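Got the viewer open? Let's take a walk through this one, stop by stop.

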Amino acid sequence: MTRVIMDFHALSLPPASWSKTDGDALLVVLAADADPAQLDKPLATLWRDLCTAGELELKAGKTALVHQPAKVVAARVVFCVAANGSAKAMAKAFSTGLGLLKTGGTKTLSVGVLAAGGPTAAQAEALAVAALDAVYLYRHTKPSAPAAPGLATVRLLCASADQAVLQAALARGAAIGQGVTLARECANRPGNHCTPTYLAEEARRLAKSHGLKVQVLERKDIEKLGMGSFLAVARGSAEPPKFIVAQWQGAPKKQAPIVLVGKGITFDTGGISLKPAAEMDEMKFDMGGAASVLGTLRALAQMKAKVNVVGLIAATENMPGGKAVKPGDVVTSLSGQTIEILNTDAEGRLILCDALTYAERFKPAAVIDIATLTGACVIALGHQRSGLFCPDDALAEELQRAGDNALDPCWRMPVDEEYDEALKSSFADMANVGPRAGGAITAAMFLKRFAGKYPWAHLDIAGTAWKSGAAKGGTGRPVPLLTHFILGRAA
């Protein structure tokens, strides 16, 4: 797997001296209400000349790139205007500016932020995440992909009084960015490369490189435990299922851990309830929840977060075949509850429910499951916010706040008991699907039946884990949300 190496530094240098900073390029990001007169004379003159020529104005989204500017040490200068000084607006501006500079031999980049009270810690974190996003390019199965951008060092220019705070924020952003990169890389690999075995191997690599404790349960171990629901999904595939238990212990053992449960369907055909052919290739992304668990654990381990976290990943393919589970079959879950499988394409909840029961043995402080679970959630929320389902108001508020702070937002959806009626079955304790209406909610209500012994939340990331179209690929979400949530608990 490609490892992106990039250094981030907070460098004490006020706007009155930015033209003197060395390196290959200088990115100047201004809030729309900033005063360019605060820049030193060479940069202020350059700004004024660009505005006079009609090439730039103090309006959100405006940019200009200048080569070999007069009396400026950096070989290239980019001006980029943000809507305001918020971390969200600045993150967008950083991405735009980095997009102009990631090619052309830029190895060392200095970044100056001109905004009231800036640069802030939130802006610094956003810069590091944006920089790592800008240089990521999938190339594992594409030899014709261009060479990786050479950007290796990013320096945030700041006042000396803010240097330590901003350096810590850059380190946090770098860890989150590396976690996002790992999640994206896992998700982007084709289904014949990223198998359940591959996810298990990636977890073991993390254990070796970042000090995690990892255990991989094989089919016979899963059978011995009694995970009948998980095994039902795995029956149709020639790929062996894996149940991955990864632990980061950054706090004393007596501290109850946070458990992250990731859906690891490495390819989803729908099983006997076969999906339409159109866009089925994107079902390699159905392990986005598992990828986000690995990415979050990597970020936390890189920061040596003082918290205990357990990652549980149920990994398998969902395939048709002579041994595949059939609509109408009844299986017994690890909890002892029986499930009538009316639709084999509602398989994610069938593997997650056994993982949620397994989580009980850790006596967790909270359990969050993360899954590309339902198309219904995409219809409800589109591709901007992940769906949050949580009966615990305090936990829901924590997760929403973490998502907002991480620029990885979610939106709380209902889990009213009336929705539970849709899962009634004449032949088992429950059905795995209800009517089409409210499908994302009934999926959450199904999982809720297995999560009654601890504070629990469910994140449906079907609309946010990947992008389609020309920019097709994994996003790495919700690694930032999860990391912020857990760091909040650590604090």
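One bit of vocabulary before we click: angles under 35 degrees count as roughly parallel, over 145 as roughly antiparallel, 65 to 115 as roughly perpendicular and the rest as oblique. Helices (H or I, at least four residues) and strands (E, at least two) are DSSP runs, numbered from the N terminus. Keep in mind that this is a predicted model, where local features need pLDDT of at least 70 and side-chain atom pairs count only at pLDDT 80 or more, while totals for chains, interfaces and linings use all residues. Residues are numbered from 1 along each chain as its sequence is written, and side-chain values use heavy atoms, with hydrogens and water left out.

**Stop 1: two helices**

Select helix H8 (residues 288-303) and helix H13 (residues 479-490): they pack at about 45°, with axes 9 Å apart. Axes are lines fitted to C-alpha atoms, for helices over the stretch in contact, and angles run from 0 to 180 degrees between N-to-C directions. H8 and H13 are therefore oblique to each other.

Now show side chains. On H8, the contact is made by Ser 292, Gly 295, Thr 296, Ala 299, Leu 300 and Met 303; on H13, pick Val 479, Leu 482, Thr 483, Ile 486 and Leu 487. Contact here means heavy atoms within 4.5 Å.

Next, step off H8 to Lys 304, in the loop between H8 and strand E10 (308-318). Its phi is near 55°, a positive value in a residue other than glycine. Is Lys 304 buried or exposed? At 61% relative accessibility, Lys 304 counts as exposed (buried means under 20% relative accessible area, exposed over 50%, partly exposed in between, with a 1.4 Å probe and protein chains only).

On the H13 side, go to Pro 478, in the loop between strand E19 (473-474) and H13. The peptide bond from Arg 477 to Pro 478 is cis, with omega near 5°.

**Stop 2: the open sheet**

Switch to cartoon and pick out the 6 strands that form an open sheet in the order E1-E6-E5-E2-E4-E3, with mixed pairing. Strand E1 (7-12) and strand E3 (63-67) stand at the edges with a single partner strand each, so one side of each has no neighbour in the sheet. Two strands pair if DSSP finds at least two bridges between them.

Click on strand E4 (residues 76-82), which pairs with E3 in the antiparallel sense over 5 bridges. Val 66 stands opposite Val 77 in E4, and Ala 64 has Phe 79 as its bridge partner there. With E2, E4 pairs in the parallel sense over 7 bridges; look for Ala 31 across from its partner Ala 82.

Turn on the surface: 7 of the 7 residues of E4 are buried, so E4 is largely enclosed by the rest of the structure. Arg 76, Val 78, Cys 80 and Ala 82 are buried on one side, and Val 77, Phe 79 and Val 81 on the other.

**Stop 3: the loops**

Select Gln 68, in the loop between E3 and E4. Gln 68 has phi near 45°, positive although the residue is not glycine, and counts as exposed at 63% relative accessibility.

Then jump to Pro 119, in the loop between E5 and H3. The peptide bond from Gly 118 to Pro 119 is cis, with omega near 0°.

Last pick: Ala 148, in the loop between H3 and E6, which is partly exposed at 47% relative accessibility. Draw a distance to Lys 253: C-alpha to C-alpha, Ala 148 and Lys 253 are 41 Å apart in space and 105 residues apart in sequence.
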